[in-house]
Amino acid sequence: MSSDELPAARRLLGKLPFVDPGRPPLPARTAFLTGASSGIGKALAAELCARGYDVCLTARRIDVLEELRAQLTAAHPRRSVTIAALDVTDYDAVAKTVDDAARRFGGLGLVIANAGADTWGNIGEGRFEAHRAVVDVNLLGAMATIDAAVTHFRSQRGGQVVGITSVAAVCGVPGGSPYSASKAGLAMYLRSLRSELWNSDITVTTVAPGYIDTPINDSMGDNRPFLIDARTGARKIMDRIEAGAVHATVPRMPWAVVEYLLARAPAHVVRKLEHFEN
């Protein structure tokens, strides 16, 4: 498909929920990633370097990022790996860190809003502050990251922004209300953004993982259906990102079907779900 035909194909195929319409070429093979110190983020950092991206990795724990940078530069000596301490709930710092990375690399091609938090407990049991903190990170922190990314992409006329949501975004998981609410809010935020940018050269991708083996859910043991390891999860996530997916469950199957069913399941069925974390 020629470069002239690609935008028209994206407009047509992007209306179909399970078709990857393809993305326009990135203006730079550089990536900015939040939540890179553990779990999906750490695995994505390695996968990005393996695929030839120069990366800016951010998280709150700078000591862990320093160890990760040493590992990645040893494994991929031709890649530029920079790190920055960042709490995504410091919204002004988010914008500044994105701008600093863009200046350092001479532009960003890919921004992945991955930083996440979780807590468990029922509504009305005195846990509001803990619940609010989850929303601050998962929703508002992601919004701050995406807003800063789109500001940069508008100025350079291209790029791809990715938000990591969850299959749990389509249903209210008992005991996990802030997680489900924050991921659902982020999914809708990305959907609104996609409509705003429909005819632009900016690609908006929503990634909704199922169970990926990370510290956030390892306490669940065997109670994680269709579980995949973090390295496999990162590879599949990047496959869908580079395909220009509009909305991607990971793995695509069976989670595309599970997501569809969960969105329509009655409350008494959803109640049987004890946990649902990426």
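**Figure 1. Cysteines of the predicted model.** The count of disulfides in this predicted model comes to zero. A disulfide is a covalent bond between the sulfur atoms of two cysteines. Two of the cysteines shown here lie out of reach of solvent by the burial criterion: Cys49 is buried, with a relative accessible area of 2%, and Cys56 also counts as buried, at 1% relative accessibility. Cys56 belongs to strand β2, where Phe32 stands opposite this cysteine.

**Figure 2. Overview of the protein as a setting for the close-up views.** The secondary structure comprises nine helices and nine strands. The chain has 278 residues, of which 51% count as buried. The accessible surface amounts to about 12,800 Å², and carbon and sulfur atoms account for 53% of this area. Among contacts between residues at least 6 apart in sequence, 70% join residues at least 24 apart.

**Figure 3. Strand β1 and its two partner strands.** Strand β1 runs parallel to β2, to which four bridges join it. Within this pairing, Phe32 is opposite Cys56 of β2. Strand β1 also pairs with β4, again in the parallel sense, over three bridges. Here Ala31 has Leu110 of β4 as its bridge partner. In a regular strand the side chains alternate between the two faces of the sheet. Both faces of β1 are covered, with Thr30 and Phe32 buried on one side and Ala31 and Leu33 buried on the other. Together with α2 and β2, strand β1 makes a right-handed β-α-β unit.

**Figure 4. The largest nonpolar core.** In soluble globular proteins, nonpolar side chains tend to be buried together. The largest such core in this model has 32 residues, and those with the most contacts inside it are Leu48, Leu57, Leu110 and Ile112. Two or more residues come from each of the strands β1 (30-33), β2 (54-59), β3 (81-85), β4 (110-113) and β5 (159-164), and likewise from each of the helices α2 (39-50), α3 (62-75) and α7 (230-242). Helix α2 gives the most to this core, with six residues. A second, separate core has 29 residues, including Val88, Ile146, Ala149 and Val150.

**Figure 5. Surroundings of Leu57.** Which residues is Leu57 in contact with, once its neighbours within four places in sequence are left aside? The contacts are Leu33, Ala36, Ala45, Leu65, Leu68, Leu72, Val81, Thr82, Ile83 and Ala84. Leu57 is also among the residues with the most contacts inside the largest nonpolar core. One of its contacts, Leu33, is a buried residue of β1.

**Figure 6. Asp63 in helix α3.** Asp63 is found in helix α3, an element that gives two or more residues to the largest nonpolar core. Is Asp63 itself buried, partly exposed or exposed? With a relative accessible area of 46%, Asp63 is partly exposed, because this value falls between the 20% and 50% limits. Asp63 and Ser37 are 26 residues apart in sequence, and their C-alpha atoms are 9.2 Å apart in space.

**Figure 7. Lys183 in helix α6.** Lys183 is found in helix α6, which spans residues 177-196. This lysine counts as buried, because its relative accessibility is 4%, and the limit for burial is under 20%. Not counting residues up to four places away in sequence, Lys183 touches Asn138, Ile164, Thr165, Ser166 and Ala169. Lys183 and Gly163 are 20 residues apart in sequence and 9.5 Å apart in space, C-alpha to C-alpha.

**Figure 8. Backbone geometry at Arg157, Pro251 and Pro254.** Most residues other than glycine have a negative phi, and most peptide bonds are trans. Arg157, however, has a positive phi, near 60°. Arg157 is found in the loop between α5 (128-156) and β5, and is exposed, with a relative accessible area of 70%. A cis peptide bond joins Val250 and Pro251, with omega about -10°. Pro251 lies in the loop between β9 (247-250) and α8 (252-262). The peptide bond from Met253 to Pro254 is cis too, and its omega is near 15°. Pro254 lies in helix α8.

Note on methods. Residues are numbered from 1 along each chain as its sequence is written. This is a predicted model: local features need pLDDT of at least 70, side-chain atom pairs count only at pLDDT 80 or more; totals for chains, interfaces and linings use all residues. Side-chain values use heavy atoms; hydrogens and water are left out. A nonpolar core is a set of buried Ala, Val, Leu, Ile, Met, Phe, Trp, Tyr and Cys residues joined through side-chain atoms within 4.5 Å. Buried means under 20% relative accessible area, exposed over 50%, partly exposed in between (1.4 Å probe, protein chains only). Contact means heavy atoms within 4.5 Å. Two strands pair if DSSP finds at least two bridges between them. A crossover is right-handed if, with the strands pointing away from the viewer, the path from the first strand over the helix to the second runs clockwise. Accessible areas come from the Shrake-Rupley method with a 1.4 Å probe; for residues, only the protein chains shown count as cover. A disulfide is a pair of cysteine sulfur atoms within 2.5 Å.
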